[in-house]
Amino acid sequence: MKVFSTIKELQEFLTDKTEIGFVPTMGALHDGHISLIKASKSECKTTVCSIYVNPTQFNNATDLKNYPRIIEKDLEILASVNCDVVFTPNDFEIYHNDFEKLDIPLGHLEEVLEGKFRPGHFAGVITIVKKLFDIIKPQKAFFGQKDYQQVMVIEKMVKHFNLPIKIIPCVILREKNGLAMSSRNMLLNSEEKKAAISIFETLNKTKELFQKDVDPEEIKVEAKKIISNANLKLEYLEFANAKNLSIVNDKTNQKTICLIAAYSGKIRLIDNMFLN
Ligand code: AMP
């Protein structure tokens with residue numbers, strides 16, 4: 001496994017590589033990340049994983065400061081699954097002290113769910129992913145559906161710049177108890193972790209009621225009860241059209257997804273589930 005922290009060395013190594021699969025991450029790797037590496041390895045000749053905690057996508061300084069950074073362990077994990085290349089740049093390599101964000105039209109994706117509650121977050125995501133795409137020039141890039149809205153934003157960005165890159169969405173990996181794997185789970189104490197499992201319970205209950213034809217407003221009431229009984233602080237729980245993330249308040253025949261953001265203690269967690 002090759003590890004590079006400069007663009008020059010990385011690009012020299014990649015010059016003669018064809019069929020590059022790319023998995024961008026912020027490190028503190030778990031099996032969710034590894035499932036993306038495996039998907040890339042199964043489809044591409046060379047898999048590049050980046051580990052970079054991107055400051056421009058954090059809209060909260062404490063969150064950025066506390067984000068887990070365990071690079072040595074990450075490299076061990078990536079070596080164990082035979083990842084071909086790891087890119088570990090520092091801030092200067094990426095931004096040269098100019099932390100200005102790319103500004104492209106995202107339509108309503110900017111105004112709902114993560115777009116609404118984390119202003120500037122997606123502009124930061126687009127900025128780093130575009131920079132990394134330009135540096136690595138992959139044919140395919142793999143993203144987790146845990147960040148469902150992010151996948152849509154990336155697809156929009158790829159279309160906007162007409163990039164010849166195929167975006168591959170990958171399913172959510174969960175702990176045995178249902179908790180969606182996340183680097184931020186490391187920051188939860190045991191009580192907060194137990195409470196966080198209720199996000200999955202809520203999604204399951206929501207799906208069950210949705211399939212029983214219960215009115216969406218009533219489902220929300222039931223779902224919110226589970227969340228508050230678990231001592232979680234709900235930021236949003238919404239139903240949306242899974243194709244375009246327009247918010248749905250009535251039952252439709254369209255593929256529908258439930259998306260949740262909630263705090264367990266001080267840690268903000270997101271999760272989602274298809275309802276039909
Ligand atoms: P992050 O390191 O949090 O920026 O995530 C890097 C990539 O891993 C993103 O595409 C995430 O959507 C994906 N990812 C994070 N958690 C999971 C999970 N539990 N299952 C599948 N993919 C995930």
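Over the ring of which residue does the charged end of K251 sit? The ring belongs to F210, and the charged end of K251 lies 4.5 Å from its centre.

## Lysine charges over rings

The model described here is predicted. Besides K251 and F210, there is a contact of this kind between K255 and F274: the charged end of K255 sits over the ring of F274, at 4.3 Å from the ring centre.

## Ligand surroundings

The shell around the ligand has 16 residues, of which M26, H33, D147, L173 and M181 come nearest. By class, nine residues of the shell are nonpolar, five are polar and two are charged.

Polar contacts to the ligand include one from a side chain and two from the backbone. An N or O atom in the side chain of H33 is 2.9 Å from an oxygen atom of the ligand. A polar backbone atom of G144 is also 2.9 Å from an oxygen atom of the ligand. At M181, a polar backbone atom is 2.9 Å from a nitrogen atom of the ligand. On its own the ligand has 480 Å² of accessible area, and the protein covers 92% of this.

Two or more residues of the shell come from each of β2 (20–25), α2 (31–43) and β5 (140–144). Helix α2 gives the most, with three residues.

## Aromatic pairs

There are seven aromatic pairs in the structure. One of them joins F4 and F13, with ring centres 5.5 Å apart and an angle of 40° between the planes, and the pair is tilted. F4 has a relative accessible area of 11%, so it is buried, the cut-off being under 20%. F13, at 24%, is partly exposed because its value falls between the 20% and 50% cut-offs.

A second pair is formed by F22 and F133, with ring centres 6.1 Å apart. The planes of F22 and F133 stand at 75°, so the pair counts as edge-to-face, for which the angle must be over 60 degrees. F22 belongs to strand β2 and F133 to helix α7 (residues 121–136), so this pair ties together parts that are 111 residues apart in sequence.

Are F22 and F133 buried or exposed? F22 has 0% relative accessibility and counts as buried. F133 counts as buried too, at 1% relative accessibility.

## Where the two topics meet

Strand β2 appears in both accounts. It gives two or more residues to the shell around the ligand, and it holds F22, the partner of F133 in helix α7.

Definitions and conventions. Residues numbered from 1 in each chain as written. Predicted model: local features only at pLDDT ≥ 70, side-chain atom pairs only at ≥ 80, totals over all residues. Heavy atoms only, no water. Near = heavy atom within 4 Å. Polar contact = N/O pair within 3.5 Å; in protein donor to acceptor, adjacent residues only side chain to side chain. Areas by Shrake-Rupley, 256 points an atom, 1.4 Å probe, with all protein chains shown as cover. Helix = DSSP H or I, 4+ residues; strand = E, 2+ residues; numbered from the N terminus. Nonpolar A, V, L, I, M, F, W, Y, C, P; charged D, E, K, R; others polar. Phe/Tyr/Trp six-rings, centres within 6.5 Å; stacked < 30°, edge-to-face > 60°. Buried < 20%, exposed > 50% of the residue type's maximum accessible area, 1.4 Å probe, protein only. Lys NZ or Arg CZ within 6 Å of the ring centre and 35° of its normal.
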